[in-house]
Amino acid sequence: MHRTVPVFLAVRELRFARARFALMGAVIALIAVLMVLLSGLSQGLVRDGVSGLQQLPVTSLAFSHGVAHDAAFTRSVITLDTVDSWSRQAGVAQAAPFGSALINARSSSGVEIDLALFGVDPGSFLAPKVATGSPLAAPDGIVVSSTAADAGLRLGDTVTVDRLGTRLTVVGVLAEQHTFGHVDVAYLPLEAWQAIHAGAGPGEPLSDRARQEITAVAVRGDDVDLAAGDAAAGTESMTLSESYGASPGYTAETSTLTLIQVFLYLICALVAGAFFTVWTIQRKHELAVLRALGAPTGYLLRDGLAQALILLLAAAAVGIGAGVGLGSLVGGGVPFALDVQAVAVAAALLVGLGVTGAAVAIARIAAVDPATALGGNR
């Protein structure tokens, strides 16, 4: 008899106490909806903050020694000779100069836009591949992110840099989103970047010192000894993923959303635990009867866990479906991007922690005394 008890009892209770289980499932489903939306918002913020860095074909970036890691792209200044030093390091396949700066600008069509300028050598491995237009070549040409085109920049537009008056011409548009610190990226020749970085206006001469300054050395290679390279070049390296923290607001945003997600998972575990604690107490007499009839404790524990797992899987599936549907309605003004892997991991954590909370509550079954069913409590 006891071999059929667990499945029979779990399904029977789900069917006949469907109102209670539906209410519990609705709460879990709402948590799943929030989890999907937070996951999409988190991925969207990451993409909006560092997609320009993610698209760089590099393994590490070497900044000035002692630079603040949370502001390396805006504070680091090194010289071009460090590129040669890094090129000679073992394991380095390629090394190239890289410049970074944030500007305010206005296009010839009247579009006001902020741009993150990435200065690169047009012939280096950092030069981007364009989807439309021409690659970097002209001294005043820029290649912009697809999101900048969505904001109103067009091929052939002239972009004027505020305060300097420097004019740059949009010669190419990239296929994907390239943003840095929630600002659209524009690639331009390194010499043009150096002039803007030095604050030199149109026609103003550029000092020899300014012609030597860059933000970082972009390095690509396998098994590169970053410590040895830094010692030789007098720099401080970060892997590409480590450099994301230098994007404005990246660490604060991701930490906040991660903390909210952690609390959601804990809430799911607590809610599941509370529900099954009450449910186990209410069915204490029935469990005692089954114990008295010979049903082993292990089978009853597995019955309770199976019940919790069925409920959590069904509720999570409904909630994830609803969350994906709501996410598809989010407008382009909100940085939102659903990632299948991220949602799958979050769903697994949601169900896993919910089962854990339920298991703690269901463990009370082991303490149910069969004598209760025989009137031993009277």
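**Entry 1: residues with positive phi**

I began with Arg163, which is exposed, with a relative accessible area of 79%. I note at the outset that the model is a predicted one. I located Arg163 in the loop between β7 (158-161) and β8 (167-173). I looked up its backbone next: Arg163 is not a glycine, yet its phi is positive, about 70°. I recorded this because most residues other than glycine have a negative phi.

I then turned to His182, another residue other than glycine with a positive phi, near 65°. I found His182 in the loop between β9 (179-180) and β10 (183-189). Is His182 buried, partly exposed or exposed? I entered it as partly exposed, because its relative accessibility is 31% and the class runs between the limits of 20% and 50%.

**Entry 2: strand β1 and its partners**

I examined strand β1 (residues 60-64) and found five of its five residues buried. I looked for its pairings on either account. With strand β12 (residues 216-221), β1 pairs in the antiparallel sense over three bridges. Within this pairing I noted that Ser60 has Val219 as its bridge partner, and that Ala62 stands opposite Val217. With strand β13 (residues 235-239), β1 is again antiparallel, over five bridges. Here I found Phe63 opposite Glu236.

I also checked the burial of β12. Five of its six residues are buried, so I describe β12 as largely enclosed by the rest of the structure.

**Entry 3: strands β3, β4 and β10**

I followed β12 to another partner, β3, and counted six bridges joining the two in an antiparallel arrangement. Phe98 of this pairing stands opposite Ala216 in β12.

I then traced β3 into β4. The two form a hairpin with four residues between them, and I noted that Gly110 in the turn has a positive phi of about 90°. Eight bridges join β3 to β4, which run antiparallel. One bridge that I looked up sets Ala105 against Ile113 in β4.

In which sense do β4 and β10 run? I found them parallel, joined by six bridges. Leu117 stands opposite Ala186 in β10. I closed the inspection of strand β4 (residues 112-120) with its burial: seven of its nine residues are buried, so β4 is largely enclosed by the rest of the structure.

**Entry 4: the nonpolar cores**

I looked up the largest nonpolar core and found that it has 34 residues. Those with the most contacts inside this core are Trp86, Leu117, Ile142, Val144, Leu188 and Val217. Which strand gives the largest share of the core? I found that strand β3 (residues 92-107) does, with five residues. I recognised two of the names from the pairings above: Leu117 as the residue opposite Ala186, and Val217 as the residue opposite Ala62.

I listed the contacts of Val144, leaving aside residues up to four places away in sequence. It touches Leu153, Val170, Gly172, Val173, Leu174, Val185 and Ala186.

Apart from the core of Val144 lies another core, of 33 residues. Phe275, Phe276, Ala358 and Ile362 are among its members.

**Entry 5: helices α10 and α13**

I next considered helix α10 (residues 250-282) and helix α13 (residues 340-362), whose axes come within 7 Å and cross at roughly 35°. The crossing of α10 and α13 is right-handed. From α10, I listed Tyr265, Cys268, Ala269, Ala272, Gly273, Phe276, Thr277 and Thr280 as making the contact. From α13, the contributors are Ala346, Leu349, Leu350, Leu353, Gly354, Gly357, Ala358, Ala361 and Ile362. By class, I recorded twelve nonpolar, five polar and no charged residues in this contact. Phe276, Ala358 and Ile362 also appear in the core of 33 residues.

**Entry 6: two residues of helix α10**

I finished with Gln261 and Val262. Gln261 is in helix α10. I entered Gln261 as buried, because its relative accessibility is 13% and the class lies under 20%. Gln261 touches Met35, Leu38 and Ser39, residues up to four places away in sequence not being counted.

Val262 is likewise in helix α10. At 38% relative accessibility, Val262 counts as partly exposed. I also looked up how far Val262 lies from Arg209: the two are 53 residues apart along the chain, and their C-alpha atoms are separated by 49 Å.

How values were computed
Residues are numbered from 1 along each chain as its sequence is written. This is a predicted model: local features need pLDDT of at least 70, side-chain atom pairs count only at pLDDT 80 or more; totals for chains, interfaces and linings use all residues. Side-chain values use heavy atoms; hydrogens and water are left out. Axes are lines fitted to C-alpha atoms, for helices over the stretch in contact, and angles run from 0 to 180 degrees between N-to-C directions. A crossing is left-handed if the near helix is turned anticlockwise from the far one by less than a right angle, and right-handed if clockwise. Contact means heavy atoms within 4.5 Å. Ala, Val, Leu, Ile, Met, Phe, Trp, Tyr, Cys and Pro count as nonpolar, Asp, Glu, Lys and Arg as charged, and the others, Gly among them, as polar. A nonpolar core is a set of buried Ala, Val, Leu, Ile, Met, Phe, Trp, Tyr and Cys residues joined through side-chain atoms within 4.5 Å. Buried means under 20% relative accessible area, exposed over 50%, partly exposed in between (1.4 Å probe, protein chains only). Two strands pair if DSSP finds at least two bridges between them.
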